[in-house]
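Colleague: I am new to this structure and would love a close look at a single part of it. Could you pick one sheet and walk me through how it is put together?

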Amino acid sequence: MTRYNAAITEPKWQEAWAAAESFTARTPNKDTSKPKYFALEMFPYPSGRIHMGHVRNYAMGDVVARYKRACGFEVLHPMGWDAFGMPAENAAIEQGGHPKAWTYDNIAAMREPLKRLGFALDWSREFATCDTAYYKQQQAIFLAFMKKGLVYRKTAKVNWDPVDMTVLANEQVIDGKGWRSGAQVETRELDQWFFKITHYADDLYYALDGLTRWSEKVRTMQKNWIGRSEGAQFKFAFAGAAPEGFDGVEVYTTRPDTLFGASFVALAYDHPLIKSLMADNTQLQELAKTCVAMGSTEEAIEKAQKRGVDTGLRVAHPFDDTLSLPVYAANFVLMGYGTGAVFGCPAHDQRDLDFARKYKLGVTPVVLPEGEDAANYTVEAQAYTGPGVLYNSQFLDGLGTKEGIALSIAKLEDLGVGQKTVSYRLRDWGVSRQRYWGCPIPIIHCGACGAVPVPTKDLPVELPDDVSFDKPGNPLEHHPSWKNATCPACKKPARRETDTLDTFADSSWYFARFAGGNTDDKPFDNKQASHWLPVDQYIGGVEHAVLHLLYARFFTRGLRDCGLLDLPSGEPFDGLFTQGMVTHASYKTKDGKWVMPADVDEKDGGFFEISSGEELVRGPVEKMSKSKKNVVDPADIIEGYGADVARWFVLSDSPPARDVEWTQSGAVGAWRFVGKVWALVSETNAKDFSADLGPMTQAKDASGAALELRRSVHKAVANVTQGIDQFRFNTSVAQIYELVAALKKYEIFDAAKAEGLGALTRMIAPFMPHLAEECWAHLGGEGFVTDAPWPVADPKLLVEDDVVMPIQINGKKRAEISVPKSMGKDELEQQSLAHPRIKDYVADLTIRKIIIVPGRIINIVAN
RNA sequence: GCGGGUGUGGCGGAAUUGGUAGACGCGCGGGAUUCAAAAUCCCGUUUCCCUAGGAAGUGUCGGUUCGAUUCCGACCACCCGUACCA
């Protein structure tokens, strides 16, 4: 028996697979009878290092890809790089150098360990989104979308750092201050490009029901994000003199039934009406100032204290003009949602209630919850948002919530002041970024012709290499000549668009490029892309559950409608699995500098930086990220133990959907297991091992211990297969452990053992492919185990004749009996009551009832 | 704040989805082998009372049920997202 040496074995098989082009997905043609299978994991951002999250993500995808290959599919399993983004620019600012060099160096550095992990990837399709060839096609898509009416321009808010004179990402705003300058960040309006994702809002919403291979939770998150609601949009007329230029206030509500409970109308600080009043109202100016300083994230706005300013204006109640409501400007109303104005019904909306209490506005309940009586019902600190019966509501009195909504909308329509409206929380996708390292937006701004698309023949609009990062702001803006252009329409001097596209655009169609080839005259070959798409199994982190997946769903619809992709459903991902994240404790110094775990030593209950000896503060356990430096380098594991160990380890123990906290212990256990499997297989003399490694029938006449072994083997095959099918790789791993133990105990080399070893080898292949190949070769298997068919369990061997049944008394287990599975209820009852321990128990009790579930449980109810 | 999720031994987790809680692995303890060590193998390992055996126990509190880790309600803690991190 030779010791297993991963350092030699693993590269050997990787070279053999590469030489055989084992994982090159063939372009489908007529004589390929195999069904297609597109397995894809979210491609990595080239941060410079592979981390455990990557290993986990790609190991899972690899299990699926290899398993599906074994099941007879032609599998496409590609890899590439999500290569545009801020970190490259930050690196250039902090350490000098160029984002392009930084990115391609990182890609080179990450490709090696990724290859070293032995994933069944088709590397021939590799690309990076920052490749000119890729972003050229993205520009073509932008122009196609524009032609289709899916692109437009409007003003939108950005975080503005007044010291650095630059736009900041939300991540770069810390406690309302710029991360470098420390200056109070302001909200600014800029002209920006938008993708009209709301055009597909309804379809994006309803099509979720058809995505049955997505988890319920992701579908719910997306539904809530899109936030489709039915309600009423109507206009409040002014009571008294109307301000100049306005004839009312348009509001949207999902609860028009509560209109008689309205006690105020609130408008966003940047609503046109408020803006018009701003000039001579210092209170409004103050409010606007705090709103501007609050930043633009939803979280900050929602968490802020509710504040408002009474404008002094009043509007009339649409159903009863003897009633009028005050008009406020309020910090919790957003111009971007609905009409930028709402009416407040404090009794039935918590936010409105908080606001009303603060400004001493009336709280009139109009919905009576079941079981309350109208005379005594009051709303105190808690608004009532549930259904009930309307009262205090004139013509709506006595109606239920649903009927009340319908009737109030009908009335608004009758009065000619409003109508039923469908509204969405989803906003159009702002794609302009004032940054260098992204796909240039192919537009030329001309004083005479406006925003003119760059003609297709002039694509790509290439990023200039000669840029500097020595001052804040967009390097494209600072470049001496790049933005000078000629208007394609009138040929006069014009200015090139200096905004680049949101990097989410890059990841919204890369899968189509993987499938459709590196074409230069179009984004991808439609025929090939349409053949492979949709992705059969997509795997990635939960953190992408809403944005990335929604944007990709938008892109495929747009590509379809532009005639670039034959994908009738418009859905890019048929199956989706969101894995949990690899987390790790984070550490920082007293002055807030993050420290890598590798540089942390734990002693005497405290944490210390090894290099400086300084005591550290332990931060939260959270998503491994570069900024927090709480990353663990898998290269150490690969080098010390091998790729199979790293792969096996990340798939063991934790269920794939759950977060895992990385710990060092356990890698050793995986390493031991590799040795154990190799010992088990290698002690078999291949010459004695004459069994066929294919179908699982060669030991069909086994009896006694051999039959028992066969039962274990076939049970293991069934369970491992089920584990993979259900994305519960940890249970497959546990089952493989048990199988190895069973095979080890059985010390005879016969057909039953041969069958078991053959099944074991094929089943570990998706998890530890190098070890599996080595075992396969030793056992005398033909070709690669990678090409061998998946073992199939014989159902006859999965059914047990006898079954152990627990006997409970009042729900507590007191005894168990082993009985034939077929035993009927009557006999089971007799046998249970005859059991000596049960007899003792029930001796001085009265039996009330006996519940018998054959094959499961016997429960005697007695007192 | 809002939306979504998670919570089971010392640790990672399992439980046929309402039917024996703790499979499997790690760690730990004991033993075998060894001149010794590494490696390997065997046994034990939820807690408490400990004697056959018993009692408690799946974040907390309550409910439904013959029976709840599983279903329902309230709460607590942590994680993800919150539209310019990817």
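Modeller: Happy to! One term comes up right away: a residue counts as buried when its relative accessible area is under 20%. By that rule, 52% of the 863 residues of chain A are buried in this predicted model. Chain A holds 26 helices and 35 strands, and its C-alpha trace spans about 100 × 85 × 65 Å along the principal axes. Of the contacts between residues at least 6 apart in sequence, 70% join residues at least 24 apart.

Now to the part I would like to show you. It is an open sheet of 4 strands, and if you walk across it you meet them in the order 11-12-10-13, with mixed pairing. At the edges sit strand 11, residues 308–317, and strand 13, residues 341–344, each of which pairs on one side only. Neighbouring strands in this sheet are turned against each other by 25° on average, leaving direction aside.

In general, the strands of a sheet pair through backbone hydrogen bonds, and they may do so in a parallel or antiparallel way. Let us look at one pair here. Strand 10 covers residues 264–267 and strand 12 covers residues 320–330; the two pair in the parallel sense over 3 bridges. To find your place in the view, look for Val265, which stands opposite Val327 of strand 12.

Finally, add a helix to the picture. Helix 9, made of residues 282–293, lies across strand 11 and strand 12. Relative to strand 11, helix 9 runs at about 110°.

Methods: Residues are numbered from 1 along each chain as its sequence is written. Chains are lettered from A and ligands numbered from 1 in the order in which they are written. This is a predicted model: local features need pLDDT of at least 70, side-chain atom pairs count only at pLDDT 80 or more; totals for chains, interfaces and linings use all residues. Side-chain values use heavy atoms; hydrogens and water are left out. Two strands pair if DSSP finds at least two bridges between them. Axes are lines fitted to C-alpha atoms, for helices over the stretch in contact, and angles run from 0 to 180 degrees between N-to-C directions. Contact means heavy atoms within 4.5 Å. Buried means under 20% relative accessible area, exposed over 50%, partly exposed in between (1.4 Å probe, protein chains only).
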